[in-house]
Amino acid sequence: MQILNCNRETSDDDLAHFLDRVVKFPHLSYSIVHVNALRMSVRESLLKWASALFVESSEKPSTGVTLSIFYPHVHLLIFVLLGFLRLIFTESVGMEVFSFLSVDRVP
Amino acid sequence: MSSRFYKDEFMRLTKELEGWQNQLAEVYTNFPRLLFLCQRQLSQFMLSVKALCVAREQGLPAKRRLLPFLTLCYPDVVTWDSHAEQTAAWEGCVRALLVDTEGNQSYLSTVYTQLPPAPDAAVYLATAGQLVRQLQEMLETKDSIDLDQRPQRKMPIVVNACGYNGWDMFRLALTLDANPLHPSQVTSLLFLFGGS
């Protein structure tokens, strides 16, 4: 399992770098821990990425998703399939905006 | 000294930074396994490659320098529960990559002969990527290693761990992944989650 441990210092670049792994190595499992600790702007980037995925996967559930977030210089949408990503919140800060995703509480 | 000097210097450094970021993006496209290294680890990897190239080190010293980075780039091959055949295949490939044997020249030796006269950081970065890619090509020939990247096709999920203390978080991390963690990960997880 690949882990991105977040805090106030985690930057957009760190997040983009980690999400690149999720896209390029879709056979692995990933966790972003302490999502609540991200700065607002970085959490918004994650939200944009996740919502783009959600929209695309609802439209094409069996074929994967296309993704242009973090690749703004690429005009064609990039076809991707993702690794299994968990967003782990240790405080409720900002969790409600991700409510379009399934929520799991591991005992 | 006028402010002109600082402006020019700022412009020069900005241009250099842009150039470096473009090179980095290109390297990640050509050698995606380098994405498994964070920026600091990638810098260390480049410095290690540079040190090797300068000293023309061979064999075990080269392996000692590069093995930690190569291992990080293959989290799907080097796992705690790797079976014996897989481990042997991995070690064989690393040896063939870095250590000359009688009659067989390692890939690293061929790298030394192809270096330009005055290599810069971009050369060391590309060399690091080529070493990782060459290892992948070697691993792909081994039947005991499965590099098939079947996607999981799942949407991300949110895990509600509110109110969890360090120990709960540590247990959570252990239950999330079926693959047992490597002892070094256990130590780092204890550090991350403050478990005791």
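This briefing looks at one helix of chain B and at two loop residues with unusual backbone angles.

The model is a predicted one. Let us begin with helix H4 of chain B, which spans residues 84–98, and then visit A:His34, which has a positive phi, and B:Arg56, whose phi is positive too.

**Helix H4 of chain B**

- H4(B) is built from 15 residues, and the distance from its first C-alpha to its last is 21 Å, close to the 21 Å expected at 1.5 Å a residue.
- Six names are worth finding in the structure: B:Ala89, B:Trp90, B:Cys93, B:Val94, B:Leu97 and B:Leu98 are buried in H4(B).
- These buried residues lie on the same side of H4(B), because they cover an arc of only 150° around the axis.
- That buried set packs against H3, helix H5 (107–114) and helix H6 (121–140) of chain B.
- Turn to the face pointing away from the buried side of H4(B), and you will find the exposed residues B:Ala84, B:Glu85 and B:Glu91.

**A:His34, a loop residue in chain A**

- Although A:His34 is not a glycine, its phi is positive, at about 65°.
- To find A:His34, look in the loop that links strand S2 (29–33) to helix H2 (40–59) of chain A.
- A:His34 counts as partly exposed, because 19 other C-beta atoms lie within 10 Å, while a buried residue needs 20 or more.

**B:Arg56, a loop residue in chain B**

- B:Arg56, a residue other than glycine, has a positive phi near 50°.
- Its loop runs between helix H2 (39–55) and helix H3 (59–73) of chain B.
- B:Arg56 is exposed, because it has 11 other C-beta atoms within 10 Å, and the cut-off for exposed is 12 or fewer.

Key
Residues numbered from 1 in each chain as written. Chains lettered and ligands numbered in written order. Predicted model: local features only at pLDDT ≥ 70, side-chain atom pairs only at ≥ 80, totals over all residues. Helix = DSSP H or I, 4+ residues; strand = E, 2+ residues; numbered from the N terminus. Expected span 1.5 Å × (residues − 1). Arc of directions from axis to C-beta. Contact = placed C-beta atoms within 7 Å.
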